[in-house]
Amino acid sequence: MAEKLEMKELAEVVVRFSGDSGDGMQLAGNIFSTVSATVGNSISTFPDYPADIRAPQGSLTGVSGFQVHIGASMVYTPGDKCDVLVAMNAAALKTQYKYAKPGAAIIIDTDSFGPADLKKAAFATEDYLGEMGIDPDRVIACPITQMVKDCLADSGMDVKAMLKCRNMFALGLVCWLFDRDLNIAFNFLKEKFAKKAGVAEANIKVIQAGYDYGHNTHSSVANVYRIETKNKVPGRYMDITGNKATAYGFIAAAEKAGLKLYLGSYPITPATDVLHELSKHKSLGVTTVQCEDEIAGCASAVGASFAGALGVTSTSGPGICLKSEAMNLAVIMELPLVVLDVQRGGPATGLPTKSEQTDLLQALFGRNGESPMPVIAATSPTDCFDAAYAASKMALEHMTPVILMTDAYVANGSAAFKLPDLAEYPAINPPYVPEELKGQWTPYLRNPETGVRYWAVPGREGFQHILGGLEKDNKTGAISTDPENHNLMTHLRQEKIDKIQVPDLEVLGDKDDADLLIVGFGGTYGHLHAAMDELRAAGKKVALAQFKYINPLPKNTAAVLGKYKKVVVAEQNMGQLAGWLRMKVDNFVPEQFNQVKGQPFVVSELVEAFNAIINK
Amino acid sequence: MAYTAQDFKKGQPRWCPGCGDHFFLSSLHKAMAEIGVESWNTAVISGIGCSSRLPHYMATYGMNTIHGRAAAIATGCKVANPNLTVWQVSGDGDGLAIGGNHFIHANRRNINLNMILLNNRIYGLTKGQYSPTSPRGFVSKSSPYGTVEDPFRPAELCFGARGHFFARSVATDAPGTVEILKAAYNHKGAAVCEILQNCVIFNNGTHDAVYSKEGRAKNAIYVEHGKPLIFGENDEFGLMQEGFGLKVVKIGENGITEKDILVHDAHCEDNTLQLKLALMGNGDGFPVALGVIRDVDAPTYDDCVTAQIEEVKAQKKYHNFAELLETNDIWEVTE
């Protein structure tokens, strides 16, 4: 049949690998995304781990998924639903089918659909496809387990070790389906298992077997698909999650500034991976302290900054509640500090593993007194790197705590990351007090242009001084309760933040004549962009402005927001950005799209809602 | 270069006349001069409260931070810059109530901090509420009918957190205070110094039994490593072990000679007897122990952090950001 095979061109495709937690779905997904990225496809991935720490094998709660979205042109999200679903067992099919598009191809390992498997997955009958209403014509039903055993029969491996390779068979099958070059996968495995040649060899053999199986039988699907790459950006790439990119951004900024990186942190989902990542890199001199609580995480970072390091603390919303006191201390002491908030669902413990944007007003206002603090929100997994770098630079150069906001979706999602060249990043120059000011320097002496005070790091003779949580006299630095001085200091702290230069707000899409401007911030960028693309493909005039710099706002904010007939602010909260913009931009009354489900936006829902606004 | 107390002085303290903080401040200036670390390589970090005003009167680097967090802030400061000598100053409310968590963890981790606990058993700055060291039944503005809770005994908390250094002095006793401050500096690791200090306004007389030289002669014992535990106006009393506890004996009575008296061992890893000394109070017929009660060597957190970084640097092949990138799975996209 091979000669009759039709090669179909696709602009994009979403593949979801699913199986038991121990089935290696993350690895299969990773290799597939790497293989696709290597040929220049755009990729966006999202791992979906089970909520249970160690669920029983084959159970519904133990299913782990990994979704990969690959595209000929830029893809911005891991995709709402998949075109191909790999279900390595009955429980995976049961729980993951809801993520498949109507008409999606479904690959199953029939050896994992025995009576016991079906029972664990709560199927009532043996006709599991019928129960789920799945058309058998769309299913590539393959005895994967048996074929893996056969394939490795001569390898001398025990059965347990053989079964660990099942994921590679599925991967081989998917590679065939999308006409991928297996050599890239082989090289990946050779490098990954460089010290275990036997394992690499077995995996390679099984991938090839999966590919050949598809090629020789392909009984269930009529097509092989190709995703040709447009707009290749040559360069060297790696796969990176948002949390890892954030950690890398801090490392890069500290190196550029010539400072020690200090992280004070306390484990909290979904921010803990930043603590994990930074704790690995002691060979770069990174110091991480897992503190007794969130308070100490932030307080110790303030202490580290005072001592001359780049002080960082990482957390999620509940941790921000506890850190706010020490963040405020950094505001009044005017010390650099980066506070990372990987947002999750709230209030209180809320939805720890889910994603929301509900901490924005907390970041802007959640402290006593007039407490201005810059806020930056990363727009994608790879943007976390640039955002962390920018937040560190801003904190160090403007002597202020900065809040860097990401969210669970961006933090756990991954994308291809073009290796950055640090030489191309802007220099970071903290405002160290000039030596010639010795004898006349006081702690709140400011650069008249930027309003930034000078930094005297302990260890320098002649610059001994005291900082603290009490209001200080602008001139002498001594404690002051003088009403005029407090008023002045309040204004000076505000002006210092207001003067920070941030890039202009960029408008994408039909920027000259859009009927609707979509406005969002941070991690919803991908979904809002995809929604805009769909609307424009349907002939609508739509533009997108995604805020990354939220305080201070870009200078052109009012001009952008005032330019379009209709504006919708779409966010995963009850309207926090809309409220902030209304506070800052006169006569701005936007439409709003608000969803607080703990889940990323669904592009089709956005398109529907935006269409309704356009047609209103 | 030799320093004098003057080199560490700054400003005019604004505590109430007669406040124990004045006495302590003066001893700290003296101790720092004798220790000889430059004022610019010294950081004094406090929380909030009367005693936490202290860094304002130091010619060192300093921070008068937020309530309870001094130990946590000092931890970051010391770990990030181990070359600094860091003094952390708190009162009993700041250090043991709102800051209790940081107090125990700084001790457990054994951060190389000199931790001063100025204990006047009252909240002074908020004008007279009972503190976590106020005795049961203590009458204050917030406990008009007396407290119904037991106080912390700082040594117990320090030892419970596996602290390796604990010393005590009375604020008015300058030589005794200077001595324990120097010992705290010389001890590598978290070094807790409890300073018994009077609040003339809200808790006057709380340490009366030992506040005067005469009182101390009668009611206190100066403990010194390697020396027998002898006290009294004429050195006529001593301490001996009895069963699981200690007892006061009179030397010369019942055939007891100086040789029978327990010899103080501050370096003993087992803190059992040190704790017994620390918990003695004149209310129960024992003298109040002053001086260095426990001083045991142990690896410090900040040293270990630095050593681990050096160790990993030697092991790993990547030492800058560009090299870090290369440790990942990388692919190349070509034209």
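**Exercise 1. In which loop of chain A is P552(A) found?**

The model is predicted; local features need pLDDT of at least 70, side-chain atom pairs count only at pLDDT 80 or more, and totals for chains, interfaces and linings use all residues. Residues are numbered from 1 along each chain as its sequence is written, while chains are lettered from A and ligands numbered from 1 in the order in which they are written.

Step 1. Helices (H or I, at least four residues) and strands (E, at least two) are DSSP runs, numbered from the N terminus.

Step 2. P552(A) sits in the loop between β21 (549–551) and α19 (557–561) of chain A.

Step 3. The peptide bond joining N551(A) and P552(A) is cis, with omega about -5°.

Step 4. Another cis peptide bond runs from T269(A) to P270(A), with omega near 0°. P270(A) lies in the loop between β10 (261–265) and α11 (272–280) of chain A.

**Exercise 2. Describe D179(A) and A348(A) by phi, place and burial.**

Step 1. D179(A) is a residue other than glycine with a positive phi, near 55°. For A348(A), also not a glycine, phi is positive and near 50°.

Step 2. The loop between α7 (166–177) and α8 (182–192) of chain A holds D179(A). A348(A) belongs to the loop between β13 (337–343) and α14 of chain A.

Step 3. A residue is buried if 20 or more other C-beta atoms lie within 10 Å of its own, exposed if 12 or fewer, and partly exposed in between, with C-beta atoms placed from the backbone. D179(A) has 15 C-beta neighbours inside 10 Å and therefore counts as partly exposed. A348(A) has 7 C-beta neighbours inside 10 Å, so A348(A) counts as exposed.

**Exercise 3. Give the overall dimensions and the domain layout of chain A.**

Step 1. The C-alpha trace of chain A spans about 85 × 60 × 45 Å along its principal axes. Its secondary structure comes to 21 helices and 23 strands.

Step 2. The radius of gyration is taken over C-alpha atoms, and the globule rule is 2.2 Å times the number of residues to the power 0.38. For 616 residues a compact globule would have a value near 25 Å, and the 27 Å of chain A agrees. Of these 616 residues, 54% count as buried.

Step 3. The domain bounds come from an automatic or database domain assignment. For chain A this gives domain 1 (2–226), domain 2 (239–424), domain 3 (431–501) and domain 4 (507–615).

Step 4. In chain A, the C-alpha centres of domain 2 and domain 4 lie 26 Å apart. Two residues are in contact if their C-beta atoms, placed from the backbone, lie within 7 Å. By this rule, 24 residues of domain 2 of chain A are in contact with 22 residues of domain 4 of chain A.

Step 5. On the domain 2 side, the elements giving two or more residues are α14 (360–365), β14 (375–377), β15 (401–407) and α16 (408–412) of chain A.

**Exercise 4. Characterise the side of chain B that touches chain A.**

Step 1. The contact involves 51 residues of chain B and 59 residues of chain A.

Step 2. At least two residues each come from β2 (61–64), α2 (70–80), α4 (100–109), α10 (301–315), α11 (321–325) and β14 (330–333) of chain B. α2(B) supplies the largest share, eight residues.

Step 3. Ala, Val, Leu, Ile, Met, Phe, Trp, Tyr, Cys and Pro count as nonpolar, Asp, Glu, Lys and Arg as charged, and the others, Gly among them, as polar. The side of chain B divides into 26 nonpolar, 19 polar and six charged residues.

**Exercise 5. Trace the sheet that includes strands of both chains.**

Step 1. Two strands pair if DSSP finds at least two bridges between them. Nine strands form an open, mixed sheet in the order β17(A)-β2(B)-β1(B)-β3(B)-β4(B)-β8(B)-β7(B)-β13(B)-β9(B).

Step 2. β17 of chain A and β9 (220–223) of chain B stand at the edges with a single partner strand each, so one side of each is left without a neighbour in the sheet.

Step 3. Strand β17 (residues 466–468) of chain A runs parallel to β2(B), joined by three bridges. Among the bridge partners in β2(B), G62(B) pairs with I466(A) and M63(B) with L467(A).
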